[in-house]
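User: Please take a close look at the sheet in this structure. I should like to understand how its strands are arranged and what lies around them.

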Amino acid sequence: MTANKLEIIAEPGKTSFTTTRVVDAPRALVFEAFTKCEHLKRWMGPISLTMVSCETDLRPGGRYRFVFRSPDGNEVGFSGEFREVDAPSRIVRTFVFEPIPEAAALETLELVENNGKTTIKTTTQHKTVENRDGHVNSGMEAGMTAGYARLDELLAGLLQAR
Amino acid sequence: MNAMNLAERDLSATFGALADPTRRAILAKLAKGDASVLELAEPFDMSQPAISKHLKVLERAGLIARGRDAQRRPCRLEPQRLKQAAEWLGTYRQFWEASYSRLDDYLNDLQTKEKPRDRKQTRNHRRAR
């Protein structure tokens with residue numbers, strides 16, 4: 001079985017990046033998993049982070065907020081507002097990593113079903129070029145352009161050289 | 001908080017510098033050892049001034065340092081900054097890779113729970129006929 005792999009694509013000079021991931025489940029179920037707290041609490045985030053609070057009001061203009069607690073007790077929130085909700089195929093929402101509110105972005109989630117599998121595509125669009133350039137998120141974008149594989153290789157080489 | 005903002009700004013410069021394929025190639029070459037501008041310019045179809053421009057960006061971003069030797073000014077990789085950058089972007093990837101891996105299991109659980117119910121419904125349906 002080939003593992004379903006997370007792909008992250010970011011082109012240089014653009015303010016957006018996309019991720020894709022295939023899961024072995026029908027779209028309706030995946031949509032539920034992405035939108036209901038009872039499900040989100042069970043899978044969102046690494047196992048080391050506990051989702052301590054989940055609110056989601058799934059309708060245009062409705063808000064969502066997820067709070068995670070790290071093993072050292074720090075809590076961090078992600079929140080935003082739904083702009084478009086088109087079950088079970090598409091959601092557009094704003095996304096704010098609360099410690100850095102000026103880095104707000106617009107996130108589009110698209111689900112496409114094929115032979116019982118669902119491709120999950122996310123597009124994260126930064127609000128302004130200033131945000132992208134002035135913020136660590138630009139780092140994420142540009143850094144991902146650099147390509148993890150390449151960077152990993154480079155880092156592996158560096159660590160060996162030490 | 002100020003220190004953190006400063007670190008983030010530094011990181012932005014680092015990522016900006018990494019966005020260019022030529023600069024990444026330069027770093028890859030420097031990972032194998034120090035090199036002069038001439039040595040770095042060689043594999044690329046690029047003039048020395050063009051390479052020097054890239055080196056300046058890398059230097060400002062803290063990704064490389066340059067020797068004092070006025071003639072040669074050898075370039076050296078500064079691995080610390082690159083590691084910082086990799087750690088940060090690794091966070092986003094790790095978050096989602098871990099999430100999706102848990103989602104796989106969770107969706108699998110949900111579906112295996114659903115299946116017996118479907119079968120039962122089918123059976124009931126048959127019985128009803």
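Analyst: In this predicted model, A:Ser79 has A:Val96 of β6(A) as its bridge partner. This pair introduces two strands, β5(A) and β6(A), which pair in the antiparallel sense over 6 bridges. In general, the strands of a sheet pair through backbone hydrogen bonds, in either a parallel or an antiparallel manner.

The loop between β5 (75-86) and β6 (90-97) of chain A contains A:Pro88. The peptide bond leading from A:Ala87 to A:Pro88 is cis, and its omega is near -5°.

The wider sheet is open and consists of 8 strands of chain A in the order β1-β2-β8-β7-β6-β5-β4-β3, with antiparallel pairing. At its edges stand β1 (7-9) and β3 (50-56) of chain A; each has a single partner strand, so one side of each is left without a neighbour in the sheet. From one strand to the next, the twist averages 20°.

Another loop of chain A, between β7 (105-114) and β8 (117-126), holds A:Asn115. Although A:Asn115 is not a glycine, its phi is positive, at about 50°. A:Asn115 counts as exposed because it has 6 C-beta neighbours inside 10 Å, and the cut-off for an exposed residue is 12 or fewer.

A helix also belongs to this picture. Helix α1 (residues 27-35) of chain A lies across β2 (16-23), β3, β7 and β8 of that chain, and runs at about 155° to β7(A). In total, chain A has 5 helices and 8 strands, and buried residues account for 27% of its 162 residues.

Methods. Residues are numbered from 1 along each chain as its sequence is written. Chains are lettered from A and ligands numbered from 1 in the order in which they are written. This is a predicted model: local features need pLDDT of at least 70, side-chain atom pairs count only at pLDDT 80 or more; totals for chains, interfaces and linings use all residues. Helices (H or I, at least four residues) and strands (E, at least two) are DSSP runs, numbered from the N terminus. A residue is buried if 20 or more other C-beta atoms lie within 10 Å of its own, exposed if 12 or fewer, and partly exposed in between; C-beta atoms are placed from the backbone. Two strands pair if DSSP finds at least two bridges between them. Axes are lines fitted to C-alpha atoms, for helices over the stretch in contact, and angles run from 0 to 180 degrees between N-to-C directions. Two residues are in contact if their C-beta atoms, placed from the backbone, lie within 7 Å.
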